[in-house]
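Dear colleague,

Please find below the structure that I am handing over to you. My findings follow it.

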Amino acid sequence: KQCINAEYGEKLRKKNARSCRVMSHKAKKLTGLKAKLYNKKRHSEKIQMKKAIKMHEEKQTKAKDADNVQEGAVPAYLLDRETQTRAKVLSNMVKQKRKEKAGKWTVPIPKVKAMGEDEVFKVLATGKRKKKTWKRMVTKVTFVGEEFTRKPPKYERFIRPWVYVSRKLT
């Protein structure tokens with residue numbers, strides 16, 4: 001037999017309402033790398049929310065037509081009655097033009113099999129006790145430009161052995 005709680009919906013609503021408090025408390029309490037990652041995640045969520053709000057506002061705003069400009073003076077009570085078009089239509093036209101421009105220069109690229117990070121890089125342990133593992137060594141052939149110069153090995157995060165470096169596309 002399955003038991004369904006009658007107040008489940010109400011409890012869920014209250015939990016969602018309290019969640020922002022819990023998140024802000026967590027943001028205050030966390031320190032170090034965890035805090036950095038948590039704040040980065042929250043920041044990206046806020047940006048997404050702002051974009052969504054902006055899109056909704058964009059749908060509601062109106063833009064005045066520049067085409068129907070009347071000559072001569074217009075009384076104050078008629079100034080507000082100019083023809084208006086929805087801004088969404090204009091923004092859609094701009095987006096469409098951008099897509100067309102982008103489409104002109106795209107070149108069909110053959111499908112290349114995606115490779116995993118563990119397949120392409122080998123983790124290098126560095127330091128006196130071999131505790132630091134932030135360096136990676138490339139284990140596959142990679143393309144670099146003509147002007148490519150290596151950083152000093154101490155500061156190089158991705159080490160490319162010259163065996164795997166290709167300067168010309170074949």
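The notes below cover the overall fold, one helix and one sheet.

This is a predicted model, in which local features need pLDDT of at least 70 and side-chain atom pairs count only at pLDDT 80 or more, while totals for chains, interfaces and linings use all residues. Residues are numbered from 1 along each chain as its sequence is written, and side-chain values use heavy atoms, with hydrogens and water left out.

The protein chain has four helices and seven strands; these are DSSP runs numbered from the N terminus (helices: H or I, at least four residues; strands: E, at least two). Their order along the sequence is α-α-β-β-α-α-β-β-β-β-β. Of the 170 residues in the protein chain, 9% are buried (under 20% relative accessible area, 1.4 Å probe, protein chains only). Among contacts (heavy atoms within 4.5 Å) between residues at least 6 apart in sequence, 25% join residues at least 24 apart.

Helix α1 covers residues 8–29, and its end C-alpha atoms are 30 Å apart; this agrees with the 32 Å expected for 22 residues at 1.5 Å a residue (1.5 Å times one less than the number of residues). The helix α1 has a kink of about 35°, centred on R18; the bend is the angle between axes fitted to the seven residues ending there and the seven starting there.

Three strands form an open sheet in the order β3-β4-β6, with mixed pairing (two strands pair if DSSP finds at least two bridges between them). Its edge strands, β3 (121–126) and β6 (158–159), each pair on one side only. Strands β3 and β4 (residues 132–138) run antiparallel and are joined by five bridges. The bridge partner of V123 in β4 is R136.

Yours sincerely

Technical notes:
Buried < 20%, exposed > 50% of the residue type's maximum accessible area, 1.4 Å probe, protein only.
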